[in-house]
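Q: I want a close look at one part of this protein, the largest pocket and what surrounds it. Please start with how far the model can be trusted, then build outward.

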Amino acid sequence: MKCNLKPCLKCVVAVLAIFLVNTNSLATPSIELKQSAGPLLPSAGSNFSWYISYDIAGDFNGDGYIDFVLADPTASSNRGKLYYFQTSSNGTLATSPTATVTGVLGDFNMGYEIDKGDLNKDGVDDLIVGNPWYGNQTTGAQGRIEIYYGGDSLLNGIDAILQGEFGKMDSLGYANKVLDFNMDGNLDIIGFSRSYTNPTLTGRLSLYLGPIQNFQSPSSTYVFPEVGSFSGSYGELQITNANEDAYPDIVIGQPYDGTLYSNAGALGVFYGNSSGVLSRDARYFGPSAGAIYTWLVNKARDFFGHGTDGILATGTGETSFRLYKSTDLSTLERTYTQENAADGYGRHALGIGDLDNDGYGEMLIGAWGYASNARKGKVYLYQGGTSSPASPFWTNLGQSNLDRYSIPIDVGDFEGDGWGDFGVVAYGYSAGASKAKLYLYSVTHGTPTIDLSNNDVIETGRLTGTATDTNVAFTVSGIQWNTSNTTYGAWTACTADDGTFDSGTEKFTCDVSSLGDNIGTIYVRSYDQNTVYMPTNLFALYPNKLDSELELGLNKQDR
């Protein structure tokens, strides 16, 4: 820091208290419905089954807006159907499908699981579709994974096919994810075959290493040695970083693994590596016989602030789900339990984005059977943080009985304004009429801005400014500064010039004297009365370009 030296006057440095503020304040933001799409009319033989927990959001036409694909594997007498909803240039989601594709003869449960990724490197998301029972059901379904390239005409024909092994009931496509397993810059596909070597149901993983031209056959496979691990259906996989290295890892649920206890279940972990070879590197077992605790496996973004994802595991009873630390799957961090018997709580569980911009992901849990035979469905939104409460901060019910409003979708920043959004699907919409409807929600927020004009931080050691929220429903409730623009961690609190942050316009002062001469860039943000922080695209920066130019113009005698 520059000291203002005068004859016979020593340089005095005032040391003021600096308050380190944990961004996890655990306030209760409010949620608002922004848009909806549907209802989708069911196809013949369809009941819009709960399989569609794998609806996906992505930019499939390259226009910069988030689009949606909903899958109904039971449509057209179980052949399956995909529904593509495109978002217009003004950010409005189409209320009816832009395009659809229906399974044909030979397809069975097409759309059982879907994922996305830019496989052909054209800057647009591609759609990856599991068709696990494709083929002749009598002589041995082989299953397959189908790829639709993104662009102007998504779903206009299959562009690439990964074929399962005939005669093995391979069921390739039962689960599939996109990742860069060997970190070579090309996206890969991991596919799971639940009923491989039927009737022993040992299951198999198949890794297809990119580029996409190499997808004709798997580069590496792994056949599970435990007979019957997947006999009761399921076997879900997620991508995380379990060993905290540079490679993404695969976590898969083996719900009927009986190695430790009968039908206790297990989580198998496959570490990513440069050689691109599948090997089960770790296994974590269920807590007791009959627990079947990995019937469903999902992922929670950095919910407790560990810097890594959490893994969600739900047992067959659908009465609760467990949240494990992904870097140590033997560590159970919390168990969440349903409100009522037969709620179907935890069948649809998903970590979503950081809605309140505090650096921690939120978690959305669905209960498709809530409550009892009414089955309206209910969702529970839990706020992430280092001391996250066990109770949800927001819940919402389906509109009518049998709606089964319960399937969460991680949509990222759908509106492109920096604020987090999420989606929920009711798959029995219209009182169980086997329709589906998509709802899009956003955290309620104001319109905050920060002005840092006319500062001489080098001279004073203080940064001053004015924070404003032009939305009359919101107040500026606090200002913080940091030398990093990351949203999590410890930020330093600024003070209101009038003593209290409690209005729509506040002048403030930040003591940055601790930086000394190493000022660099200072980021300043505000938060409202619900402790919803402004997103990173609205952070104020010091010095801005003009300030930097002025500072460069100072001669050395002024320092």
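What does the pLDDT of the chain average, and what percentage of the residues score at least 70? Then, which residues lie nearest the centre of the largest pocket, and which strands each supply at least two residues of its lining?

A: This is a predicted model. The chain averages a pLDDT of 84, and 86% of its residues score at least 70. Two stretches fall below 50. One is residues 1–26, which has 56 contacts in the model beyond near neighbours in sequence. The other is residues 545–559, with 8 such contacts.

Now the overall layout. The chain has 559 residues, and 55% of them are buried. It holds 37 strands and 4 helices. Take the contacts between residues at least 6 apart in sequence: 57% of them join residues at least 24 apart.

On to the pocket. The largest pocket holds about 710 Å³ of space. Its lining counts 32 residues. Nearest the centre are Ile56, Asp115, Lys177, Leu350 and Asp410. The lining mixes residue classes: 15 are nonpolar, 10 are charged and 7 are polar.

Seven strands each supply at least two residues of that lining: S3 (56–58), S7 (114–117), S11 (172–179), S15 (237–240), S19 (296–300), S23 (345–352) and S27 (405–409). S23 gives the most, with 5 residues. Set the central residues against these ranges. Ile56 falls in S3, and Asp115 falls in S7. Lys177 falls in S11, and Leu350 falls in S23.

Start with S11, one of the lining strands. Leucine 172 lies in this strand. Leucine 172 counts as buried because its relative accessibility is 1%, under the 20% cut-off. Its C-alpha sits 8.5 Å from that of arginine 204, although the two are 32 residues apart in sequence.

Residue numbers just above 204 lead to another loop. Glycine 210 lies between strand S13 (204–208) and strand S14 (220–223). Glycine 210 has 8% relative accessibility, so this loop residue counts as buried. What does glycine 210 touch, leaving aside its neighbours within four places in sequence? The list is Asp184, Asn186, Leu187, Asp188 and Phe215. Leucine 119 is 91 residues away along the chain from glycine 210, yet their C-alpha atoms are separated by 7.8 Å.

Next, the loops that follow two of the lining strands. Lysine 121 lies in the loop between S7 and S8 (126–131). Its phi is near 55°, a positive value in a residue other than glycine. Lysine 121 counts as exposed because its relative accessibility is 53%. Asparagine 357 lies in the loop between S23 and S24. Asparagine 357 also has a positive phi, about 60°, and is not a glycine. Is asparagine 357 buried or exposed? At 7% relative accessibility, asparagine 357 counts as buried.

The backbone holds cis bonds as well. Tyrosine 370 is joined to alanine 371 by a cis peptide bond, with omega about -15°. Alanine 371 lies in the loop between S24 (362–367) and S25 (378–382). Another cis bond runs from tyrosine 542 to proline 543, with omega near -5°. Proline 543 lies in the loop between S37 (540–542) and helix H4 (545–552).

Beyond the pocket, the structure holds 3 cavities of 30 Å³ or more. The second largest cavity has a volume of about 70 Å³. Its lining includes Trp419, Gly446, Pro448, Asp469, Tyr527 and Met534. By class, that lining has 7 nonpolar, 3 polar and 2 charged residues.

Asp469 lines this second cavity, and residue 469 closes strand S31 (462–469). S31 pairs with S35 through 7 bridges, and the two run antiparallel. Glycine 465 has phenylalanine 508 as its bridge partner in S35. S35 also pairs antiparallel with S34 (residues 495–496), through 2 bridges. There, threonine 495 stands opposite threonine 509. S35 spans residues 505–511 and is mostly covered, with 5 of its 7 residues buried.

To return to the pocket: five residues lie nearest its centre, Asp115 and Asp410 among them, and S23 gives the most to the lining.

Key
Residues numbered from 1 in each chain as written. Predicted model: local features only at pLDDT ≥ 70, side-chain atom pairs only at ≥ 80, totals over all residues. Heavy atoms only, no water. Buried < 20%, exposed > 50% of the residue type's maximum accessible area, 1.4 Å probe, protein only. Pairing = 2+ DSSP bridges. 1 Å grid on protein atoms, 1.4 Å probe; cavity = no way out; pocket = protein on both sides within 12 Å on 5 of 7 lines; lining within 4 Å. Points joined across faces, edges and corners; volume = space filled by probe spheres on them. Nonpolar A, V, L, I, M, F, W, Y, C, P; charged D, E, K, R; others polar. pLDDT = per-residue confidence, 0-100. Contact = heavy atoms within 4.5 Å.
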